[in-house]
Amino acid sequence: MPKITELLFDCDNTLVLSEELAFEACAELANEMLEKHGVSDRYTGEGLIEDFVGQNFRGIVTSLEKKYSLSMSDEEREGYVKKEEDKVIATLEKKAQPCIGVMQELSKLAEKRQYGLAVVSSSALRRVKASIKKVDQERYFPVDHIFSAATSLQKPTTKPDPAIYLHALKVIGKKADECVAIEDSKSGATSAYRAGIHVVGYVGSYNGEKKQNEMKQVLSDAGCKVIMTDWSEFTKCLDIIEKS
C-alpha cells in the first residue's frame, strides 16, 4: 500500500462542534420556507440533524423540495442559501468550540510534519473558514487546502457526492490511496469512500453511548476502515490503516 501523506478533515462536528448551532439556524429558515409554500410540517434543529446530517443547506433545500413537491425558482432557492450562510456564520463566530481533543492532535501533527493537512467540507467556504478561525485551527491548514462542496466546485454539490474529494485530490496533487479522510456522518464517509480514500469514522460528537454505537455501525457500513470515539485514538486508527 502507498505511504499515507495527506490527512483530509471534515469540518462540522469533526474539527468544530458546529452542527447543533448551525442546524438551529437552518431549522428557522427551513420552517420559513415550508410555511411560505403552505406546508404544515415543522422542523427542529435536532430533527434536521437526524434527517440531513452531513449535507449542506443547499442539499437540505433540494431534499425538502423533493419531499414536499415544492416549486421554487433558482432565485428563491439561492436567497435561502445566502440567508442561511449569513445566519450560521454569525452564530458560529460567537459560539463555536473545537471538538474535544482535536486541538492536541492537530498540534502533534503540525509538530511532526509527517502529513499534509486539508479540510474537505460540504459547508460553504465562508462558513468553514469562520469556524476554524473561531477555534484557532486555521494555522494548521494552508488557505488553498480548504475545500467546500458548496463553493469550491464549478457546480455546487454536497456530500455524499464524491466530487469535492476528487477536486481536493486534484488540487493537492495526491492519489486517493495516499490519503486518509476523517468523517463523522454517513454522507461524508460515503463521499470519501466513493473517491477511493481510506476513511476514519469519528463518533465523539454524538450524544450518548447508544447514539455513538449506532453511528459506529452506520459509518462502518459507509466504508470507514476504523472508528474512533475520541481524538486520543486517532494515532492508533491511523496506524491500523497504514499497516493494512
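**Helix packing and a buried serine**

In this model, helix H2 (residues 45-52) and helix H3 (residues 57-68) have axes that come within 12 Å and cross at roughly 85°; the axes are lines fitted to C-alpha atoms over the stretch in contact, with angles from 0 to 180 degrees between N-to-C directions. That makes H2 roughly perpendicular to H3, a word covering 65 to 115 degrees.

The model is predicted: local features need pLDDT of at least 70, side-chain atom pairs pLDDT 80 or more, while totals for chains, interfaces and linings use all residues. Residues are numbered from 1 along each chain, and side-chain values use heavy atoms, leaving out hydrogens and water.

From H2, Leu48, Asp51 and Phe52 meet Ile60, Ser63, Leu64 and Lys67 of H3, contact being heavy atoms within 4.5 Å.

I turn next to helix H10. Its residues run from 234 to 243, and Phe234, Cys237, Leu238 and Ile241 are the buried ones, that is, under 20% relative accessible area with a 1.4 Å probe, protein chains only. These four lie on the same side of H10, because they cover an arc of only 95° around the axis, taken from the directions to the C-beta atoms. On the other side, Lys236 and Lys243 are exposed, meaning over 50%. The buried residues pack against helix H5 and strands E1, E6, E7 and E8.

Finally, serine 122 sits in the loop between strand E4 and helix H6. Serine 122 is buried, at 4% relative accessible area. Its side chain makes a polar contact of 3.2 Å with that of threonine 158; such a contact pairs N or O atoms within 3.5 Å, one able to donate a hydrogen and the other to accept it.

Key
Helices (H or I, at least four residues) and strands (E, at least two) are DSSP runs, numbered from the N terminus. Angles under 35 degrees count as roughly parallel, over 145 as roughly antiparallel, 65 to 115 as roughly perpendicular and the rest as oblique.
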